[in-house]
Structures are given as C-alpha cells and as structure tokens.
Amino acid sequence: MTMATFLGGAKSRLLPMSVPLRFFAMASVCHVLGWIVLLIGADMAPGFRGGLGPVLAAVHVFTLGVLTMTAAGASVQLLPVATRRPLAAVWPIKLLFWMLAPGLLLQAFGMYAAQTTGLIVGASLVTAALILLAILLGDNLRRAASLPVVAAYGWAALASLLTVTALGLVLASNYQHGVLADHGAVALAHLILAGFGFMGFLAIGFSYVLVPMFALSGAPHQNWSFAAFALAITALLAGSAGALAADTMWLTAAALSGLFATAIHLAQMWQVLRTGMRKRLGLSFVLVRMSWVMLVLTLLVGLAALHGLAGPNGATLFGFLFLFGWLLTFLLGILQRIVPFLASMHMMRTKGQSPPAMSELSGSQSLKLHAGCHFAALAILSTAILADSALLVRAGTAVAIIGAIAFAWFTLDVLYRVVRSQASA
C-alpha cells in the first residue's frame, strides 16, 4: 500500500489542514525551547536524578511539547485514515490542542521556577487534555477490527496514558502536599509507562503501518507481531512493578523481555525494508534506523545501570538515550515524512488531481543540517554524562539548538509553501 493510496482514497477522513499541522508546528517550537531550557540547566544535567528545576522542565517540554504533541497530531489524523473510521467531530481535537499547549507550558514553568501552584494547574490542564485524547483514540480503536496489531498496541498505549496521567497528577501534587512515601519510585514508574508504554507502544504500533507503506512492502507476519507485543507487555508490567517496588530483579526481567521484544520487532522491520520495492528512503530513515539502534542501546545501558556497571551517571545516561536517542530520533524521522505528505494531500484542489511531489514542499538543506546537529548532539551529550561535564553539556545543547532551529525552519517552510500555494489558487 503506497502512501498516496493510504491517504489518497481517504480524503474524506482528512482533518482540516490547520488541525494536525498546529500540533506539528507547536512541537517544532517546543523542540527549540526544550534545548534552550536544558542549556540553562547544564550544570545539573550530567548527574540529574529528578527534582524541580530547569532539567525537569526541559524533560517535560520534550515529552509533552514534542513527543506527545506530535503523537496527538499524527494519531488523530492517521488512525482514522488507517482504520477507515472517521472521527465524530473536529472541535474536540481543537479543544485538546488548546488545553495541552498552555497546560504543558504552565507545567514546565512551574517545574523550572519551583512554583508548585503553577505546576499543579498546568498538570491539571495536561491531564484533561490527555484524557480527551484517550477518549478520541479509544473511540476510533474500538472500530479498528481490520488492524488487530495496531489496535493491540493502541489499546496498551491508551491504558498506559491513563495510568501515566494519574501518576503525573499525584507527582505534581506531592511537591506541595508530600503524599508519597517514595517520590523517586513513582517517578521511575511514570517514566517507564510514559516512555515505553504510551509513546513507545504508539511508535511501534504505527511502525507496522507506516514502515511497510513507506518502503512499498507487505505487512509483517501477524503471529510474530503478537509475539513481540506479548513480550513488550510483559516488559512493561514487570518494569512498572519493579519501579514501584524498587526491585532490581523485576527491572532486570523487564529489560530482558524488552530486548527479546525489540529483537523480534527489528527483525520484522529489517525484513520489511529488505523486501520493499523502495530501497532509497532518504534521510528520514537514517534517523529511523539510528533510533532502532538507540532502542537496543537504551535497554543494554539500563541493564548495566541496574547492576552498577554503567558508571555513577548510568541512570542519567539510560534516561537520555531513552528519551533523546530512541523516541525523539524516531519521531523526528517520521515527522519529516508526514508533514510534507499531509500538506501535499491537502493541496489537491480538484478531484483526481495528483498531489505535488514532496520535494516541491520542502528543502533538503534544513533537514541535512538538522540531522548532522542531532547526531553530533547525541554523541556530545552522551559523552558529557559519562564524563560528568557541564561544559560538554553546554556544547552539546548549543549544537542541538542549531539543529532544532533547522527543523523548525523545515516545518515552517512547508506551511509557508502550502499557504502560498492556496493563496495563488
């Protein structure tokens, strides 16, 4: 199934262009903002273990502002098209955006300034937005019988999202009321459920549709997909329980189960790319392939950190590779294909007219600059954590800011070309 077939026959299920693209534009802005906030907190970054301040604020600008914002924009557009079940209305999606965007900024400011009232108000807005997202996606998933693997990952992601939302609200309240006996244990469970459970399961689930479509290949074997899913669920449950109980054995079992699930998933993706008719997938899949390497590295570093073999900042390195190496790299790779394609589909002015080529909607220079800076930043910041060097953190975040500006340039350039094309039509 080609991308054009995927969306071209489903134009009635496309949202108004401004709806998904506002999520992607906001994510691009938060991408720059997150690196700037991390630069400000560079002194605390190499050995970060939690606590209010710029580093925690930066982490949430990335997780909510970049990852969740993009996941929301992509899923409310792609899931109805993939399942051939339109969303009931557009206004709840707009409401979702207008709760999530100010909520995440207020929450991040509360974390940055250690201002607990702002943090709790922001977290409440984010909670309401994420519950609305869960309702929208749940309504679509319950009618997705034709995509059982995607639906399985989607339901698991939604269950994780609801649990993460509840834990996040409790963690935010704990800064003011001190209701938790072990804030760190709940924070680790929150991290595992948010990263692996919500974002990770969404990323893997959508990969079973998007990667074959981009590569012009058949879908992976369903039995192996469910085997990977069963192992991934086992890893998620064991990891969450191990985090809450501070139990190394359960966390180790989770990491091993996660490695087996990853091995099956990556073998399936390798088979898809090997047998696909389109071999040259461009710079976006350089990022996607790198994110897969980072996923394996994340789990191995996590195992080493659990057993004291990753150095004094091993836990910080695990979190960095998890968030920036795997999830952010994967998302940026996928995003640079989705944004121009959605724009091109909306630019079809008459029925039967072919969409403009994606190369007409985006320049390559900004993406090359972004990729170079992103990979350099990953290497420099990993070294900074291992060497416990704030100076290297500043160097790495400075490089990352240049890359993030280049990516924002790419996104805004696509939007500008669309607006200009429609104005001249």
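In these exercises, a residue is called buried when its relative accessible area is under 20%, exposed when it is over 50%, and partly exposed in between. Please keep in mind that the model is predicted.

**Exercise 1. Describe the surroundings of S217: where is it, is it buried or exposed, and what does its side chain contact?**

Step 1. Start with the location: S217 sits in the loop that joins α7 and α8.

Step 2. Now apply the cut-off. The relative accessible area of S217 is 11%, so this residue is buried.

Step 3. Look for a polar partner. The S217 side chain makes a polar contact with the side chain of T275, at 3.2 Å.

Step 4. Complete the neighbourhood. Leaving out residues up to four places away in sequence, S217 touches P212, V272, T275 and G276.

**Exercise 2. Follow the chain into helix α8. What span does the helix reach, which residues are buried, and what covers them?**

Step 1. Helix α8 runs over residues 222–245, which is 24 residues. From first C-alpha to last it reaches 34 Å, close to the 34 Å expected at 1.5 Å a residue.

Step 2. Go through the helix for burial. The buried residues of α8 are S225, A228, F229, A232, A235, L236, A238, G239, S240, G242 and A243.

Step 3. Ask what lies over them. The cover includes α6 (148–177), α7 and α9 (248–275).

Step 4. Look just past the end of the helix, where A246 takes a positive phi of about 50°.

**Exercise 3. Classify the ring pairs F214–F285 and F320–F324, and place each in the chain.**

Step 1. A pair of aromatic rings is described by the distance of the centres and the angle of the planes. The whole structure holds 16 aromatic pairs.

Step 2. Take F214 and F285. Their ring centres are 6.0 Å apart with the planes at 80°, so this pair is edge-to-face. The cut-off used here is an angle over 60 degrees.

Step 3. Place this pair. F214 belongs to helix α7 (residues 183–215) and F285 to helix α10 (residues 282–306); the two are 71 residues apart, and the pair links distant parts of the chain. F214 is buried at 2% relative accessibility, and F285 is buried at 0%.

Step 4. Turn to F320 and F324. Here the centres lie 5.1 Å apart and the planes meet at 25°, so the pair is stacked. The cut-off for stacking is an angle under 30 degrees.

Step 5. Place this second pair. F320 and F324 are 4 residues apart in helix α11 (residues 314–346), which means that about one helical turn separates them. F320 counts as buried at 7%, as does F324 at 6%.

Step 6. Widen the view: ring pairs join F320 and F324 with W35 and F62 in a cluster.

**Exercise 4. Which arginines place their charged ends over the rings of F97 and F214?**

Step 1. For F97, the answer is R22, with its charged end 5.8 Å from the ring centre.

Step 2. For F214, it is R337, with its charged end 4.6 Å from the ring centre.

**Exercise 5. Compare the surroundings of L328 and T329 in helix α11.**

Step 1. Check burial. L328 is buried at 2% relative accessibility, and T329 is buried at 0%.

Step 2. List the contacts, leaving aside residues up to four places away in sequence. L328 touches H31, W35, F62, V66, L67, L323 and H374. T329 touches L287, M290, S291, F324, H374, F375 and L378.

Step 3. Add the distances. L328 and S291 are 37 residues apart in sequence, with their C-alpha atoms 8.1 Å apart. A polar atom of the T329 side chain lies 3.0 Å from the backbone oxygen of F324.

**Exercise 6. How many salt bridges are there, and which parts of the chain are tied together?**

Step 1. The count comes to 1 salt bridge. Its partners are the side chains of D43 and R394, at 2.5 Å from N to O.

Step 2. D43 is in the loop between α2 (18–40) and α3 (54–83), and R394 is in helix α13 (residues 390–424), so the pair ties together parts that are 351 residues apart in sequence.

Step 3. Finish with accessibility. D43 is exposed at 57%, whereas R394 is partly exposed at 35%.

Definitions and conventions:
Residues numbered from 1 in each chain as written. Predicted model: local features only at pLDDT ≥ 70, side-chain atom pairs only at ≥ 80, totals over all residues. Heavy atoms only, no water. Phe/Tyr/Trp six-rings, centres within 6.5 Å; stacked < 30°, edge-to-face > 60°. Buried < 20%, exposed > 50% of the residue type's maximum accessible area, 1.4 Å probe, protein only. Lys NZ or Arg CZ within 6 Å of the ring centre and 35° of its normal. Expected span 1.5 Å × (residues − 1). Contact = heavy atoms within 4.5 Å. Polar contact = N/O pair within 3.5 Å; in protein donor to acceptor, adjacent residues only side chain to side chain. Salt bridge = Lys/Arg side-chain N within 4 Å of Asp/Glu carboxyl O.
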